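User: I should like to learn how to read the local features of a structure in a systematic way. Could we work through an example together?

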Amino acid sequence: MKSAATPATAFLAKAAVACTEHHYEYVEHGGTAVSSSALGVPEHEVVKTLVMETERGDPLIVLMHGDRKVSTKELARAAGAKRVFPCKPEVAQRHTGYLVGGTSPFGTRKAMPVYLERSVLALPRIYINGGRRGFLLGMASAELARVLSPVLVDVALME
């Protein structure tokens, strides 16, 4: 098995975040349904890291439950933008330093504002990408708020 050292794990170690490492077989476009099934946890507890841009080209990160979508209209309002839309994969990779499917909100190449779906903090434990495809980190949801200082938002839509 590959060593799990990534910019994300280095960032979390420096911030003294206790987390567990979970490897699974990555499936192209499988999303959180594949990872939650492989780990045997509810998809609601797997948090996806989405890289989006405003109409001005300003990047931002949204952390959302695996079984929910983001209301870009509500997110734009929260971000003080006219419009927000997902970045193209190569643009997201340039901002974060991570391949799409392995994007982590921790240790990104560029500092970006982070928006966190408020209800994620109600979960005692979450699973989030560790910076590589097929690699999730389990941790207390409160750690997201502690180390990322995110803007809390209510932008979830049912899938």
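Analyst: The discussion below takes up a pocket, two helices, several loop residues and some backbone angles. Please bear in mind throughout that this is a predicted model.

User: Let us begin with the pocket. How much space lies in the largest pocket, and which residues are the closest to its centre?

Analyst: A pocket is described by its volume and by the residues that line it. Here the largest pocket holds about 690 Å³ of space. Its lining comprises 28 residues, and Gly31, Thr49, Leu50, Val100 and Gly101 are the closest to the centre.

User: Which elements give two or more residues to the lining of the largest pocket, and which gives the most?

Analyst: Helix H2 (31-39), strand E2 (46-54) and strand E7 (125-132) each give two or more residues to this lining. The most come from E2, which gives 7 residues. As to chemical character, the lining divides into 15 nonpolar, 10 polar and 3 charged residues.

User: H2 is a helix that contributes to that lining. Which residues of H2 are buried, and where do they lie around the axis?

Analyst: For a helix, one identifies the buried residues and then asks how they are distributed about the axis. In H2 the buried residues are Thr32, Ser35 and Ser36. They span an arc of only 100 degrees around the axis, so they lie on the same side of H2. The packing partners of these buried residues are E2 and strand E8 (135-140). On the face turned away from the buried side, H2 carries the exposed residues Ser37 and Ala38.

User: What are the buried residues of H4, and against which elements do they pack?

Analyst: Helix H4 (residues 89-96) has Val91, Ala92, His95 and Thr96 as its buried residues. Viewed down the axis of H4, these fall within an arc of 120 degrees, so they line one face of the helix. They pack against E2 and E3.

User: Next, the backbone. What is the general expectation for the sign of phi?

Analyst: Most residues other than glycine have a negative phi. One therefore looks separately at glycines and at other residues with a positive value. Two glycines here follow helices: Gly40, just after H2, has a positive phi of about 70 degrees, and Gly97, which follows H4, has a positive phi near 85 degrees.

User: Which residues other than glycine have a positive phi, and are they buried or exposed?

Analyst: Ala16 and His29 are examples. Ala16, in the loop between H1 and E1, has a phi near 55 degrees. Its relative accessible area is 61%, so Ala16 is exposed. His29 lies in the loop between E1 and H2, and its phi is near 60 degrees. At 76% relative accessibility, His29 also counts as exposed.

User: How should one read a loop residue, for instance Thr103?

Analyst: One takes its place, its accessibility and its contacts together. Thr103 is in the loop between H4 and E6. Its relative accessibility is 8%, and because buried means under 20%, Thr103 counts as buried. Setting aside residues within four places in sequence, Thr103 is in contact with Thr49, Val51, Thr96, Tyr98 and Asn129. Thr49 is also among the residues closest to the centre of the largest pocket, and Thr96 is one of the buried residues of H4.

User: What is the accessibility of Leu99, and which residues does Leu99 touch?

Analyst: Leu99 is in the loop between H4 and strand E6 (114-117). At 46% relative accessibility, Leu99 counts as partly exposed. Beyond four places in sequence, Leu99 touches Gln93 and Arg133. Its C-alpha lies 8.1 Å from that of Gly131, although 32 residues separate the two in sequence.

User: Where is Ala18, and which residues does Ala18 touch?

Analyst: Ala18 belongs to the loop between helix H1 (7-14) and strand E1 (20-23). With 60% relative accessibility, Ala18 counts as exposed. Not counting residues up to four places away, Ala18 touches Gly138, Met139 and Glu143. Ala18 and Glu143 are 125 residues apart along the chain, and their C-alpha atoms are separated by 8.7 Å.

User: Finally, with which side chain does the side chain of Asp67 make a polar contact?

Analyst: The partner is the side chain of His44, at 2.8 Å. Asp67 itself lies in the loop between strand E3 (59-65) and strand E4 (68-70). Leaving aside neighbours within four places in sequence, the contacts of Asp67 are Glu43, His44 and Glu159.

Notes:
Residues are numbered from 1 along each chain as its sequence is written. This is a predicted model: local features need pLDDT of at least 70, side-chain atom pairs count only at pLDDT 80 or more; totals for chains, interfaces and linings use all residues. Side-chain values use heavy atoms; hydrogens and water are left out. On a 1 Å grid over the protein atoms alone, a cavity is a set of points where a 1.4 Å probe fits but cannot get out, and a pocket is an open set with protein on both sides within 12 Å along at least five of seven lines; lining residues have an atom within 4 Å of a point. Grid points are joined across faces, edges and corners, and a volume is the space filled by probe spheres set on the points. Helices (H or I, at least four residues) and strands (E, at least two) are DSSP runs, numbered from the N terminus. Ala, Val, Leu, Ile, Met, Phe, Trp, Tyr, Cys and Pro count as nonpolar, Asp, Glu, Lys and Arg as charged, and the others, Gly among them, as polar. A polar contact is a pair of N or O atoms within 3.5 Å; within protein, one must be able to donate a hydrogen and the other to accept it, and residues adjacent in sequence count only if both atoms are side-chain atoms. Contact means heavy atoms within 4.5 Å. Buried means under 20% relative accessible area, exposed over 50%, partly exposed in between (1.4 Å probe, protein chains only). The arc is that of the directions from the helix axis to the C-beta atoms.
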